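User: I'd like to walk through how the helices and strands of this one fit together. Can you take my questions one at a time?

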Amino acid sequence: MFKRHKFLASERKRELTSPGATRSILKNDLRNFHSLSQFILSAGPLKSTPAVKHSKTTHFEIEILDAQTRKQICIVDKVTQKSTIHDVKQKFHKACPKWYPSRVGLQLERGGPFLKDYITIQSVASSSIVTLYFTDLGQQVSWTTVFLAEYTGPLLIYLLFYLRIPYIYDMKESSRRLRHPVVHLACFCHCIHYIRYLLETLFVHKVSAGHTPLKNLIKSCAFYWGFTSWIAYYINHPRYTPPSFGNRQVTVSAINFLICEAGNHFINVVLAHPNHTGNNACFPSPNYNPFTWMFFLVSCPNYTYEIGSWISFTVMTQTLPVGIFTLLMSIQMSLWAQKKHKIYLKKFSSYMHRKSAMIPFIL
């Protein structure tokens, strides 16, 4: 057996050492190498394996303390750099479900200002551990709810007085006395005013997504609803007397009222949308609409038109409650206008040096 294997090995060696066998082996090797090279070229260039990037994400740990007792309420961990105060409130709500994000107030220091929802954690963090103080803001309502309640109430209340329901006026006296045309016109103007408010709140104004305490809603509704009841009671009373100068006074005032309402609407549209440059940071500029040319004179023309509407309504109806309401609204809006005017002066000093806040050349 061993001899047989040895004989086969010697025969194989003899074949390999012969010249013909060597040529055939070389030909086979060249053919195999050529096939391998063709296969590699058809496969295309070799692609390098992309390097795996290991991104470093810094996480913060938020310690939330009670602003009154300084006791720790909870710790919110795994907060990224780009997380905002709103995100922290959401996680805080998951840890403490009894406090909704809308009623959570967070401060960097006790007694300091409440942090806005859009502020990032990175901007207020000095280390990986951030301490915030919690204050319960109480029951909150959205700004949209506040505006809708403020404007829906006066609209419905005025109509109740206009219909002269029996619980308000004496039915016999109401049936004996005919209404003056200014009563119907006043109802129309009043409804137009608050319907415009409601539609602009829903479709024009970019109402903040924030919230306000419920007590602010109650105060606003008490003011608007109370004054509307007083105004509507006098204008729709059976003994109401028309203006001193008759139809001329009513007509001129009504036309001016409608002009101011139209101007107020167009100004609100301009304020709600960016200008032609697409930059929201630019001061609102007048356009081809003549109602917007008030921007050349004042920085808050929406308040100018609003006061103009109520002055026209006061002259048209010639009643004391409307005059008092107009006076109070003028004072409040002048304060708002001056505050906005100061902000505009800081941001757009080159545009504002010749403008007034609300009343041209006066205020």
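User: Which way do H7 and H8 run relative to each other, roughly parallel or roughly antiparallel?

Analyst: Keep in mind that this is a predicted model. Helix H7 (residues 181-203) packs against helix H8 (residues 214-235) at an angle of about 160°, and their axes are 11 Å apart. Angles over 145 degrees count as roughly antiparallel, so H7 and H8 are roughly antiparallel.

User: What hand does the crossing of H7 and H8 have, and how do the residues of that contact divide?

Analyst: The crossing of H7 and H8 is left-handed. On the H7 side you have Val183, Ala186, His190 and Tyr194, which meet Tyr224, Thr228 and Ile235 of H8. Sorted by type, the residues of this contact come out as 5 nonpolar, 2 polar and no charged.

User: And H5 with H8: roughly parallel or roughly antiparallel?

Analyst: The axes of helix H5 (residues 143-162) and H8 come within 9 Å, crossing at roughly 20°. Anything under 35 degrees counts as roughly parallel. H5 and H8 are therefore roughly parallel.

User: What is the hand of the H5 and H8 crossing, and how do the residues of that contact divide?

Analyst: This crossing is right-handed. H5 contributes residues including Ala149, Ile157 and Phe161, while H8 brings, among them, Leu217, Trp225 and Ile231. The contact of H5 with H8 splits into 14 nonpolar, 5 polar and 1 charged.

User: On to the sheet. Which strands stand at the edges?

Analyst: The sheet is open, with 4 strands in the order S2-S1-S4-S3 and mixed pairing. Each edge strand has a single partner, so one side of it is left without a neighbour in the sheet. Those edge strands are S2 (72-80) and S3.

User: In which sense do S1 and S2 pair, and what is the bridge partner of Glu63 in S2?

Analyst: Strand S1 (residues 59-66) and S2 pair over 6 bridges, in the antiparallel sense. Within S2, the bridge partner of Glu63 is Ile75.

User: Which strands does H3 touch?

Analyst: Helix H3 (residues 85-95) packs on the sheet, and its direction makes about 130° with that of S2. The strands H3 touches are S1, S2, S3 and S4.

User: Are the residues on the two faces of S3 buried or exposed?

Analyst: In a regular strand, side chains alternate between the two faces of the sheet. For strand S3 (residues 104-107), one side carries Val104 and Leu106 and the other Gly105 and Gln107. Both faces are covered, and these residues are all buried.

User: Last one: which residue in S4 stands opposite Val104?

Analyst: S3 pairs with strand S4 (residues 129-136) in the antiparallel sense, over 4 bridges. Opposite Val104 in S4 stands Asp136.

Technical notes: Residues numbered from 1 in each chain as written. Predicted model: local features only at pLDDT ≥ 70, side-chain atom pairs only at ≥ 80, totals over all residues. Heavy atoms only, no water. Axes fitted to C-alpha atoms, helices over the stretch in contact; angles between N-to-C directions. Parallel < 35°, antiparallel > 145°, perpendicular 65-115°, else oblique. Left-handed = near helix turned anticlockwise from the far one by under 90°. Contact = heavy atoms within 4.5 Å. Nonpolar A, V, L, I, M, F, W, Y, C, P; charged D, E, K, R; others polar. Buried < 20%, exposed > 50% of the residue type's maximum accessible area, 1.4 Å probe, protein only. Pairing = 2+ DSSP bridges.
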